[in-house]
Amino acid sequence: MDKMKVSFIVFLLMLTASVKAQCTFRNTAFQSGEFLSYNLYYNWKFVWVKAGTASMYTVKSTYKGREAYRASLVTRGNNKVDEMFVLRDTLLCYTSTDMVPLYFRKGAREGKRYNVDQAFYSYPNGKSTVHLSHKHTDGTVEYSSHTSESCIFDMMNIFLRARSFNPKGWKKGFTVDFPITDGKDVEPAKVAYHGKSVIKADNGKKYRCLELSYVEKDDGKWKEIARFYVSDDANHIPVRLDMFLKFGSAKAFLVGMKGIRNPITSEE
């Protein structure tokens, strides 16, 4: 193999390494075995009702032979709410140990609809590529692919990464911008910082929290999808989550936590 070919191969390897390095991030917030549980409440005709539970579990695993974290988020409505609106969501993602997105899946049963979205990530030629599939209720599937110079995320992978953000020096209005996929397309999104507050969880304890909102572009306008209240310590545990849904609004309050990585210094 002549020197020119060798140089070209090295150049391609450097490009691939550069995008992977661009997507890497140091995890300081969670460890394998972390388990978080929540109570769900829905606003139904201006009344807040206990609607079900949610849980998030993160463990060390492998993805296509590569060491990774596997994180799952499961929401389940109770029988009372099922009479009004059926909600069964299961989200799953794989991220490398240096926080590079590898895979995402969302299975959502909302009312009479059941959709499955998947995102498969790869990093060829110094770029970030995601192959998407969206399965409709009738079984038909839409496929698409997107390539970007910057790292692409989904809601689970960006959530895991955001927990390790260092908020020191942040002021109200500070934003972090990124492209995100929901399984159908890739759109601009951002996380915005709104300051600090004290939140009471459903375990009876109060926590000092950072207040963050997740915002997406919808028909050319920014729309708040969710607001997070995460513990103001090194864990950044979601203590409360406000969700703005198509059929109304919902809230989740922390009930329990196990396998936490760092000391919980945010408790009041």
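User: A disulfide is a pair of cysteine sulfur atoms within 2.5 Å. Which residue forms a disulfide with C23?

Analyst: The model is a predicted one, and one disulfide is present in the structure. A sulfur atom of C23 has its partner 2.4 Å away, which means that the pair falls within the 2.5 Å cut-off. The partner of C23 is C151.

User: How many residues apart are C23 and C151?

Analyst: The disulfide of C23 and C151 links distant parts of the chain. C23 belongs to helix 1 (residues 3–23), while C151 sits in the loop between strand 8 (141–148) and helix 3 (155–162). Their separation is 128 residues.

User: Is the disulfide of C23 and C151 right-handed or left-handed?

Analyst: Both cysteines are buried. The torsion about their S-S bond is about 125°, and therefore the disulfide of C23 and C151 is right-handed.

User: Is E67 buried or partly exposed?

Analyst: E67 forms a salt bridge with K60, with the closest N and O atoms 3.7 Å apart. The relative accessibility of E67 is 47%, so this residue counts as partly exposed.

User: Which residues are joined into one network by salt bridges that share partners?

Analyst: Side chains of opposite charge can pair when their charged atoms come close. E211 and R227 meet in a salt bridge at 2.7 Å, N to O. E211 is in strand 11 (residues 206–218) and R227 in strand 12 (residues 221–231), so the pair ties together parts 16 residues apart in sequence. The network formed through shared partners consists of E211, E224 and R227.

Note on methods: Residues are numbered from 1 along each chain as its sequence is written. This is a predicted model: local features need pLDDT of at least 70, side-chain atom pairs count only at pLDDT 80 or more; totals for chains, interfaces and linings use all residues. Side-chain values use heavy atoms; hydrogens and water are left out. Helices (H or I, at least four residues) and strands (E, at least two) are DSSP runs, numbered from the N terminus. Buried means under 20% relative accessible area, exposed over 50%, partly exposed in between (1.4 Å probe, protein chains only). A salt bridge is a side-chain nitrogen of Lys or Arg within 4 Å of a carboxyl oxygen of Asp or Glu.
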